[in-house]
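Student: I would like to go through this structure and ask how each label is earned.
Tutor: Go ahead, and look at the structure first.

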Amino acid sequence: MNKSVLMVGSGAYLPEKILTNDDLATFVDTDDGWIKQRTGIAQRHIVADGELTSDLAYNAAINALENANMTADDIDVIVLATTTPDDTFPATAAQVQNRLGAYNAFAFDVQAVCAGFVYALTVAESLLLANKGRRALVIGAESFSKLLDWEDRTTCVLFGDGAGAVILEASDDAQNYGILSSALYTDGRHRDILYVDGGPSKTGSVGHVRMKGQDVFRHAVEKLASSMYAVIEQAGVSETEIDWLIPHQANLRIIDGMQKKLGLPADRVVRTVSEHANTSAASIPLALNQAVSDGRVKSGHLLAFEAIGGGLSWGAALVRYGRP
Ligand code: UT7
């Protein structure tokens, strides 16, 4: 029998502090109308002083374990997608493993910026399929506010902080549940349209996000669509079978563009960009957990994930949620 990897639980955590568009307009030359009209964002959560990416990740992980009725001992692999680790090393995943007491698990970080969750999901799936463990905790966690130049209105209004997590479980009897297909892509030629102007080997400093928004927008629409078609074909399903599109939450116009391209009804898309802004690797699992918690996503639903970010790196995955 073929082994497959189920997605059996989700969790999330958002820092308490909220920064609205009006709050931003008190210290940067912007306004609520522009931000809402161009991006759909109304507010974002921001970490408190001393609150770290590992704190967000830990809280999301605890929430996911509770929702899946599991304990830290049940986890064999922890893959944490982040661009904003606590330290240059060790991996933030190792900090989370220690706080959880998940000492049966090996743990490491994955860095694919906004595509990080789709990358981490695929890496964890591959490890489970290769018998490196039975259950994986996959986390997307970001303190993206730490990378922002708060004087640059073209970027600082777009991002927020948070974490989401899912639990994967290998199964010999998945009955068409679980991760049905995934596809990952990178094109390093487009490095200069979205990057951070710092890093350990270049400047020794952390740096700030720099983005040519319109160029990224153009690539996003084209590349997200082609990666979605690739996973739809790989899984042998039709786009009309998708119950929920759960996209990376960067811009409402990109999200709605994808919904129309796929021919999905507008109410089959999970949108959290208004409340969370762009939380990079955390945005998909945050959106997923919101839709699971409020009862929209149910066991057996076909979910479509897609994301693009710095690299450029992008990808998509199709998952039938829950257990057969
Ligand atoms: O997760 C990683 C992936 N990232 C993305 O997917 C981002 C993709 N790109 C976008 O979402 C959009 O390009 C942005 C939201 C970043 C920008 O929207 P846009 O419609 O492409 O605006 P623009 O960059 O063409 O700027 C239009 C105008 C400019 O003024 P002028 O030159 O026309 O006078 C900007 O200076 O809006 C101005 N502007 C602002 N005005 C008020 C730029 N940022 C702001 C701001 N508030 N925050």
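Student: How many residues surround the ligand, and which are the closest?
Tutor: The model is predicted. In it, 22 residues surround the ligand, the closest being T30, R153, Q214, N251 and N278.

Student: What makes the pair between the ligand and the side chain of N278 a polar contact?
Tutor: The cut-off is 3.5 Å between N or O atoms. An oxygen atom of the ligand is 2.7 Å from an N or O atom in the side chain of N278, so the pair is a polar contact. The side chain of H248 has an N or O atom 2.9 Å from a ligand oxygen, and for the side chain of R253 the distance is 3.1 Å. Both pairs therefore count as well.

Student: How much of the accessible area of the ligand does the protein cover?
Tutor: On its own the ligand has 960 Å², and the protein covers 74% of that.

Student: Which element gives the most to the shell around the ligand?
Tutor: That is α7, with four residues. Elements that give two or more are α2 (32-39), α6 (153-156), α7 (213-235) and α8 (252-262).

Student: How do the residues of the shell divide into nonpolar, polar and charged?
Tutor: There are 11 nonpolar, eight polar and three charged residues.

Student: How do you know that domain 1 and domain 2 each give residues to the shell?
Tutor: At least three shell residues come from each of domain 1 (4-171) and domain 2 (178-320).

Student: What area do domain 1 and domain 2 bury between them?
Tutor: About 3,700 Å², with 65% of it on carbon and sulfur atoms.

Key:
Residues numbered from 1 in each chain as written. Predicted model: local features only at pLDDT ≥ 70, side-chain atom pairs only at ≥ 80, totals over all residues. Heavy atoms only, no water. Near = heavy atom within 4 Å. Polar contact = N/O pair within 3.5 Å; in protein donor to acceptor, adjacent residues only side chain to side chain. Areas by Shrake-Rupley, 256 points an atom, 1.4 Å probe, with all protein chains shown as cover. Nonpolar A, V, L, I, M, F, W, Y, C, P; charged D, E, K, R; others polar. Domains from an automatic or database assignment. Buried area = accessible area lost by both parts, 1.4 Å probe.
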